[in-house]
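Let's take a walk through this protein chain together. Have a look at the sequence and the model first, and then we'll go through it piece by piece.

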Amino acid sequence: MELKGTEEEKDKRGSEKDMVSLRRRLQQKLMEEIESRKSVSDEELWELIDRAVLEAGQAEYIPLKEKKDLRIRLFDSFRRLGILQELIDDRQVTEIMVNGHEKVFIERGGRTMLWEKSFDSREQLEDMIQQIVGRVNRMVNVSNPVVDARLEDGSRVHVVLPPIALDGPAVTIRKFPEPITMEKLIGYGSITEEAAGFLRILVQSGYNIFISGGTNSGKSTFLNALSAFIPQEERVITIEDSAELKIQQVDNLVRMEARNANSEGEGQVTIRDLIRAALRMNPSRIIVGEVRSGEAFDLLTAFNTGHSGMGTGHANSPQDMLSRLESMVLMAADLPLPAIRTQICAAIDILVHLGRLRDRSRRVLAIAEIAGMDRGEIRLNPLFAFREKGEDKLHEQEKSAGEARTRVLEAVEGRLEAVGSLIRREKLWAAGFRL
């Protein structure tokens with residue numbers, strides 16, 4: 001019986017190799033036919049694929065199930081993202097991580113796992129990468145091996161090519177399947193209704209809000225949800241490395257995206273360039289998707305010249321975000337630290353800090369007001385803080401004797417609670433609100 005099973009596995013592997021070889025031959029044949037034409041519509045491509053599969057089926061036996069799979073995968077290789085399209089269409093998958101053509105990892109339900117499928121070859125992966133970056137007028141090659149791009153649905157794509165990536169091209173796709181509203185975040189337990197209502201009033205009053213958090217803590221998602229509170233009559237300018245924000249309620253909206261230099265090293269448009277351009281576009285509010293370096297100086301300058309806005313940045317806490325802002329400003333301007341801190345105090349009103357807890361849930365952990373200077377240091381006034389209820393609820397579960405023990409982690413129970421009151425209320429009063 002064991003020998004029979006081994007023979008069946010060999011036959012299965014042989015059949016898979018034959019299908020891969022057939023798919024490559026048909027791809028090459030279709031490519032030659034497509035290149036001979038000026039353009040091919042989706043309907044015409046389906047007809048070409050059906051004809052090619054039919055002819056292949058006449059030459060050799062192909063099971064019906066494999067014919068259907070072959071037909072779809074051929075279309076995806078030309079019009080979509082090849083084998084990854086299945087993951088793109090799966091709403092439960094939130095992140096796709098390609099480590100070379102042989103290993104694809106996915107994040108589903110907050111857990112990372114190795115996917116059972118992979119690319120047929122490194123060339124197939126490289127073709128997909130060029131297809132992605134080409135759609136958004138980006139370029140990635142040996143001389144420019146790192147690039148950020150996006151898919152048509154707004155998913156974020158990050159690509160690193162060899163020789164930087166030692167084990168083959170690395171592609172990371174962060175999916176945004178649908179806009180997450182503040183109501184949904186309240187339903188998920190990410191924020192309380194009280195805190196969301198408080199932030200709504202601050203946004204409508206024109207407070208400058210900065211969102212901080214670690215990687216994959218939900219900063220962009222929260223910024224998008226928060227932007228829904230912006231009054232409809234305002235003129236909003238969004239500035240991003242790769243366009244992800246989906247502001248829907250504002251009609252007077254201008255979306256701008258940074259651009260890398262071309263192969264000659266020309267044509268680069270940075271976030272700093274776009275912030276300076278936005279100041280000449282009569283904005284009511286400027287939103288910067290992520291602040292990473294010297295553009296922090298330009299954003300603070302914009303906020304200090306009467307413009308309202310929001311932005312995000314990586315940090316481990318609200319206090320750490322202030323330190324990072326200081327460092328980023330120093331990348332652009334040689335200013336004394338007291339002057340930088342004064343600029344930050346005048347420019348930013350509220351810090352919202354997000355985090356990912358041990359149960360992999362994303363929560364608002366703190367909302368703090370920048371309340372001014374105290375003995376040369378920026379003083380934070382905590383307004384809301386996440387407080388966990390009870391002790392850690394951990395237990396171990398043994399599957400059977402001799403097997404490794406697995407630690408099972410229960411959901412974190414806690415709540416974002418009000419711990420202070422707003423001090424700087426001038427903008428609030430000017431907008432006609434009272435807390």
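In which helix is Leu87 found? It sits in α4, the helix made of residues 85–89. Keep in mind as you read on that this is a predicted model.

## Two residues to start with

Leu87 counts as buried, because its relative accessibility is 2%, and buried means under 20%. Leaving out residues up to four places away in sequence, Leu87 touches Val93, Ile96, Val104, Ile106, Trp115 and Lys175. One of these partners, Lys175, is 88 residues away in sequence, yet the two C-alpha atoms are 9.8 Å apart in space.

What about Ser118: where is its place in the chain? Look in the loop between β3 (111–114) and α5 (122–135). Ser118 has a relative accessibility of 29%, so it counts as partly exposed. Setting aside residues up to four places away in sequence, Ser118 touches Ile83, His101, Glu102 and Val104. Lys103 is 15 residues from Ser118 in sequence, and their C-alpha atoms are 6.0 Å apart.

## The chain as a whole

Time to zoom out. The chain has 435 residues, and 43% of them count as buried. You'll find 13 helices and 17 strands in it. Take the contacts between residues at least 6 apart in sequence: 57% of those join residues at least 24 apart. The chain exposes about 23200 Å², with carbon and sulfur atoms supplying 48% of that area.

## A sheet of nine strands

Now for the sheet. It is an open one with nine strands and mixed pairing, and its order reads β9-β8-β10-β11-β7-β12-β13-β14-β17. Which strands stand at the edges? They are β9 (252–257) and β17 (414–418); each has a single partner strand, so one side of each is left without a neighbour in the sheet. On average, neighbouring strands are turned by 20° against each other, ignoring direction.

## Strand β12 and its partners

Let's pick out β12, residues 350–356. This strand is mostly covered, with six of its seven residues buried. With β7 it pairs in the parallel sense over five bridges, and there Phe210 has Leu351 of β12 as its bridge partner.

With β13 (residues 362–374), β12 runs antiparallel, and seven bridges join the two. His353 stands opposite Ala366 in β13, while Leu354 stands opposite Val364. The hairpin of β12 and β13 has five residues between the strands, and Arg360 in this hairpin takes a positive phi near 75°.

## Helices against the sheet and each other

Two helices to look for here are α7 and α12. Helix α7 (residues 193–204) lies across β7 (209–213), β10 (285–288), β12, β13, β14 (377–388) and β17, and runs at about 145° to β14. Helix α12 packs on the sheet as well, touching β13 and β14, and its direction makes about 120° with that of β13.

Helix α12 (residues 337–347) also packs with α11 (residues 318–332): the angle is about 120° and the axes are 10 Å apart. Their crossing is right-handed. Which residues meet there? From α11 come Leu322, Leu325, Glu326, Val329 and Leu330, and from α12 come Leu337, Ile340, Arg341 and Ile344. Sorted by class, this contact has seven nonpolar residues, two charged ones and no polar ones.

Note on methods:
Residues are numbered from 1 along each chain as its sequence is written. This is a predicted model: local features need pLDDT of at least 70, side-chain atom pairs count only at pLDDT 80 or more; totals for chains, interfaces and linings use all residues. Side-chain values use heavy atoms; hydrogens and water are left out. Axes are lines fitted to C-alpha atoms, for helices over the stretch in contact, and angles run from 0 to 180 degrees between N-to-C directions. Helices (H or I, at least four residues) and strands (E, at least two) are DSSP runs, numbered from the N terminus. A crossing is left-handed if the near helix is turned anticlockwise from the far one by less than a right angle, and right-handed if clockwise. Contact means heavy atoms within 4.5 Å. Ala, Val, Leu, Ile, Met, Phe, Trp, Tyr, Cys and Pro count as nonpolar, Asp, Glu, Lys and Arg as charged, and the others, Gly among them, as polar. Buried means under 20% relative accessible area, exposed over 50%, partly exposed in between (1.4 Å probe, protein chains only). Accessible areas come from the Shrake-Rupley method with a 1.4 Å probe; for residues, only the protein chains shown count as cover. Two strands pair if DSSP finds at least two bridges between them.
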